[in-house]
Structures are given as structure tokens and as C-alpha cells.
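I opened this model to look up its empty spaces and one annotated stretch of the chain, and I kept notes as I went.

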Amino acid sequence: MSFLPPPLLLLIVVQLHGMSLADDFPTLKNDRILKAARGEEVDRAPVWIMRQAGRYLPEFRECRSKHDFFTICRTPELACEVTLQPIRRFKLDASIIFSDILVIPQAMGLVVEMRPGVGPVLPEPLVDPTHMSRLRMPDVEKELGYVGQAITLTRHSLEGKVPLIGFTGAPWTLMGYMIQGGGSSTMVSARKWLYKYPEESHKLLQMLTDVIVDYLVMQAKSGAQLLQVFESHGDFLNQELFKNYSLKYLKQINDRVREKLTQLKLDIPMIAFPKGITMDCLEIFAKETNYEVIGLDWTVDPAEARQKVGPNVTLQGNMDPMALFAEPSEVRTRAADMVATFSKHRYIANLGHGITPETPIPSVEAFIEGVHSL
């Protein structure tokens, strides 16, 4: 579309001028999601989709056929282009920078590969605490600066059409990948650490927290207008483990990032997505942290969630990603019903987890239409 200038041309400008361009972004034309995050009135519920820049789009698959996954992440003009693809196609109310939560373990010294048909693989995981000696504390501005460049470039390329979301994985979620060596349906090895090596587990989680705080602040300085923390492995923790090994660090991230952004005079809402946690944990999380938005997975009842978190937190979610395989007319109805259930006040429409690669494009269109119909 003509409203998006060529990313490569803008990248040249960004590289010539550095981060100074982050002080001169285009005027934002659609601030619906920012208003919803802060509890302000909106004309309709804003909508975006987790993993909206990705494999379900033919234009992304074309890009991926030419470039390795992490090459796209590390190349600002490619990351920008992929971030813009769903914004060109759909009437979304936010964009999210194309990257991966595992760039942090990479920056800390672990090898991460994206293998076709398998997903992320860490061929040399942390088998026991002695392996933590292989980790280093990175200079975030230097080693993850490509993410900041991609954010700055994308903010300019969007021309204010919608806000841009930055993100990170939560410490426990990243720890799980680093110990398991990839995804897992049980997280046995990572959970074992929590019981067998509690002191070392806290040390690792604190290391990750320190990197994450700097990483999120760097993204905000680069132009991110919201920040989301993905606790994708929350469903593997009972209440005791959640409080000790997840909540503690999620709260610290929010408090420390907020303090640093206040010093920088940046007012940026933060979203937490603690996937799969119990209702009691959700209530504890809402009471003990100050995230403006809490994301819900598809198993959560909206009314119960609202009762647990109270009226002063914005909820995000939570249609089952598999529901997008229904006929478009049904998808549209389900999306409208979801918004009616949550109400448009303090609500951001989304799926209850990331969109899957096989999702039909017409269903994505129907989902967005259903949300906006109210």
C-alpha cells in the first residue's frame, strides 16, 4: 500500500541519524488500543492478533523462503517488512514487531536454531547449574540493538497508522526453553530445577530479569508504544511455584521498567500474558502487579476473570485460535459475541494464544470484522 514508505529507504535514514529519529515519529492516527489499555473510553474494542506477522500469510512464507528465520529477526528492514504485512492486509488496531522471545538466550550465549517442522531448538541446553557458567550478561543496546533499529524503522514506516507493540518472553518461560532445549509438553527438566536447584533457579531467573528490563527499556526508547511480556509457560506452575518463580520476577520487571520509563518521561502501557494460570493465580497477579493489561488464554471465562482482576485492569483475549477454522460467518459471530461478553470498556480483542500457520485468511478477516461490528 502506498501509505507505507519503502523500509530500506527509511533504514538508510535511521542508520545515518541513529536513534535521534525516535524523537520525531509521525503523528499517531489510531490510538484506540492505548486508550483501552489506560481505561479510557473507546468507540469500539481494539483488536490485534498474537503472531499476526507470521506463517499464515503467503507474503511471509515468500520472505521466509529467501531468508533464515533469525536472519529476518536480525535484519531491521526485513523485520520491518514482515511486521507491516498484516497491517497492509487487515484493519488491525496495532502492530507487533517481528522478533522472537529467544533472542535473549542467544544474546546470553546459547545457540538457538529454528528447525523446519520442529520449531526452536537449543542444541546445548542448561542440563544442570554448572552449565550456567556458559551464560554471559549481554550489552543489550549492542547485542540486541537490531531489535531497536527494527522498531524505530517500523514506527516511521507505519506513518502513525497504528501503534507498535514491543515484547519479550518472561523469565520462567525463557528458563524453560534454555533447560529443555526447545518446546515441551511437560517441562519436566525445567520444573525439576525448581525443586532440585532452587537457589540456582532464582539466580538464573534474576539474570534473565535483569536482561529483560534493559531490553524492554531499549524497545521503548526505540519507539515501542506498548510492551507485552509473554509468560507462555505459566500453565506448568502450581500456585506455590507461580508465586515464587514467576510472579516475583514479572512484578520486578513491571516495577523496574516503569521506574526507568518515568525517568525518561515515557508513558507506555504494559501487557502481561500469563498463559494457563489458575483463577486464584490470576487474582494474585492482578492484585500484586501493576500491569495495565492482562492477557487471557482461551480456557478462561471472561466474567470470572473480570471478577478476579477487578474493574481497573484491562483484559485482552481470548478466542480459541482453533475457532478460526470454522466458517467465516461463524467466526464473525463468535468474535462479536466475545466482545459483547467482555464489553468494549477496558478490553482489547485478541486470540487466546498465537494464530496457527494453517489459519485461513478469510477467517482472520471475519474475526476482525466481528470485533469491529460492535
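**Entry 1: the annotated stretch**

I began with the record: an unreviewed UniProt entry carries the annotation "domain: Uroporphyrinogen decarboxylase (URO-D)", which covers residues 46-55. The model I am reading is predicted, and I kept that in mind throughout. For residues 46-55 I looked up the geometry and found the end C-alpha atoms 23 Å apart, with the span at 0% helix and 0% strand.

**Entry 2: Q52**

I then turned to Q52, which I located in the loop between helix 2 (32-38) and helix 3. Is Q52 buried or exposed? Its relative accessibility is 0%, so I entered Q52 as buried, the limit for that class being under 20%. A polar atom of the Q52 side chain lies 2.9 Å from the backbone oxygen of A94. Leaving aside residues up to four places away in sequence, I listed the residues that Q52 touches as L57, P86, I87, L92, A94, S95, I96 and I355, so A94 appears in my notes both for this contact list and for the polar pair, given that contact means heavy atoms within 4.5 Å.

**Entry 3: the largest pocket**

Next I looked up the largest pocket, which holds about 1,400 Å³ of space. It is lined by 46 residues, and those closest to its centre are R51, R55, D100, P120 and Y177. Which elements give two or more residues to this lining? I found helix 3 (58-66), strand 2 (113-115) and strand 3 (119-121), with helix 3 giving the most, namely three residues. Sorted by class, the lining of the largest pocket has 25 nonpolar, twelve polar and nine charged residues.

**Entry 4: the cavities**

Finally I searched the whole structure for cavities of 30 Å³ or more; how many were there? The search returned two.

The largest cavity has a volume of about 50 Å³, and I noted its lining as P274, K275, G276, I277, M279, L282, G295, L296, D297 and V300. By class, that lining divides into six nonpolar, two polar and two charged residues.

The second largest cavity contains about 40 Å³ of space, and I recorded P26, L28, R155, L158, G160, V162 and Q225 as the residues that line it. These divide into four nonpolar, two polar and one charged.

Methods:
Residues are numbered from 1 along each chain as its sequence is written. This is a predicted model: local features need pLDDT of at least 70, side-chain atom pairs count only at pLDDT 80 or more; totals for chains, interfaces and linings use all residues. Side-chain values use heavy atoms; hydrogens and water are left out. On a 1 Å grid over the protein atoms alone, a cavity is a set of points where a 1.4 Å probe fits but cannot get out, and a pocket is an open set with protein on both sides within 12 Å along at least five of seven lines; lining residues have an atom within 4 Å of a point. Grid points are joined across faces, edges and corners, and a volume is the space filled by probe spheres set on the points. Helices (H or I, at least four residues) and strands (E, at least two) are DSSP runs, numbered from the N terminus. Ala, Val, Leu, Ile, Met, Phe, Trp, Tyr, Cys and Pro count as nonpolar, Asp, Glu, Lys and Arg as charged, and the others, Gly among them, as polar. Buried means under 20% relative accessible area, exposed over 50%, partly exposed in between (1.4 Å probe, protein chains only). A polar contact is a pair of N or O atoms within 3.5 Å; within protein, one must be able to donate a hydrogen and the other to accept it, and residues adjacent in sequence count only if both atoms are side-chain atoms. UniProt positions are given in the numbering used here, feature names are shortened, and annotations may be inferred rather than shown by experiment.
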